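Colleague: I should be grateful for a close look at one part of this protein, explained for someone who is new to reading structures. Please begin with the whole chain and then move inward.

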Amino acid sequence: MPQQADDTKRCPGCKRVLSLEHFGTDRTTRRKHKVTAHCRDCRRERTKARYASSPEMRERIARTSREWRATNPERNAANYAARRIHRRAKILAASARVRARRLGVPFSLSDREIGLLQSRIERGTCEITGAAFDLGPGRRFNSPSLHRKNPATGYQYGNIQVVCTLANAAMGDWGEQTFREVAEAWLT
Ligand SMILES: [Zn+2]
């Protein structure tokens, strides 16, 4: 077996040699590194598979969660409010991630940046037209959306404008300047 760098370990599940932060902490292990045998990805897959195939496990988790909510109503309400606040940007980021993969453009939004996008959504107006956002469900002309200033640069924080769906569609691949010129020609 080839000698491995001291801060890496081979996962017996996926056979990849990974740096230690890809593994969970396990202080009780007798292995050299105090980390779990399998990498986080493999452990997540295994948990997902167990959850999908075990009604008992699903019921146990649902019951624990129900009991926690019943005994911690204030914290449950606070958690719900926090989730609600971060929801819109998360939903937009999730579909942007899928779209980026389909289009073959980069996606690099971190949780922190998604939080920043959320506060831009909560300012309540389109960053191009100034139109008020409608944050109701469904896709409306003034629902918030993520516009790529340079389409090929993809979903990187500095390349994103939070704009209404209408402006986003109108700009398409042509960008803000073209949209502005057409709008001005139209209205003058
Ligand atoms: Zn693995």
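What distance separates the centres of domain 1 and domain 2, taken over C-alpha atoms? After that, please concentrate on strand E5 and its surroundings: which strand is joined to E5, and how do the two run?

Modeller: The model is predicted. Taken over C-alpha atoms, the centres of domain 1 and domain 2 are 37 Å apart. Domain 1 covers residues 8–53, and domain 2 covers residues 85–187. The overall form of the chain can be described in the same terms. The C-alpha atoms fill a box of roughly 75 × 50 × 25 Å along the principal axes. The radius of gyration is 23 Å, whereas a compact globule of 188 residues would have one near 16 Å. Buried residues account for 14% of the 188 residues.

The chain contains 6 helices and 6 strands. Along the sequence they follow the pattern β-β-β-β-α-α-α-α-β-β-α-α. Among contacts with a separation of 6 or more, 44% join residues that are 24 or more positions apart.

Before E5 is examined, the helices offer a useful contrast. Helix H2 (residues 55–71) is hardly covered, for the count of buried residues among its 17 residues is 0. Its end C-alpha atoms are 24 Å apart, which agrees with the 24 Å expected because each residue should add 1.5 Å. Helix H3 spans residues 73–103 and contains Arg102. Arg102 has 8 other C-beta atoms within 10 Å; a residue is called exposed if that count is 12 or fewer, and Arg102 is therefore exposed. The C-alpha atoms of Arg102 and Ala89 are separated by 20 Å, and these residues lie 13 residues apart along the chain. Helix H4 (residues 111–122) has 12 residues and an end-to-end C-alpha distance of 16 Å, in agreement with the expected 16 Å. After H4 comes Gly124, whose phi is positive, near 95°.

We now reach the part that you requested. Strand E5 (residues 144–148) is joined to E6 by 5 bridges, and the two strands run antiparallel. Within this pairing, His147 stands opposite Gln161 in E6. E5 is largely enclosed by the rest of the structure, because 5 of its 5 residues are buried. Pro144, Leu146 and Arg148 point one way from E5, while Ser145 and His147 point the other way. E6 (residues 160–164) is mostly covered, with 4 of its 5 residues buried.

One residue of E5 leads directly into the nonpolar core. Leu146 is one of four residues that touch the most other members of the largest nonpolar core, and the others are Cys126, Val163 and Ala167. This core has 18 residues in total, and H3, H4, E6 and helix H5 (165–171) each supply at least two of them. The neighbours of Ala167 complete the picture: apart from residues up to four places away in sequence, Ala167 touches Cys126, Ile128, Thr129 and Phe179.

Note on methods
Residues are numbered from 1 along each chain as its sequence is written. This is a predicted model: local features need pLDDT of at least 70, side-chain atom pairs count only at pLDDT 80 or more; totals for chains, interfaces and linings use all residues. Domain bounds come from an automatic or database domain assignment. The radius of gyration is taken over C-alpha atoms; the globule rule is 2.2 Å times the number of residues to the power 0.38. A residue is buried if 20 or more other C-beta atoms lie within 10 Å of its own, exposed if 12 or fewer, and partly exposed in between; C-beta atoms are placed from the backbone. Two residues are in contact if their C-beta atoms, placed from the backbone, lie within 7 Å. The expected span of a helix is 1.5 Å times one less than its number of residues. Two strands pair if DSSP finds at least two bridges between them. A nonpolar core is a set of buried Ala, Val, Leu, Ile, Met, Phe, Trp, Tyr and Cys residues joined through C-beta atoms within 7 Å.
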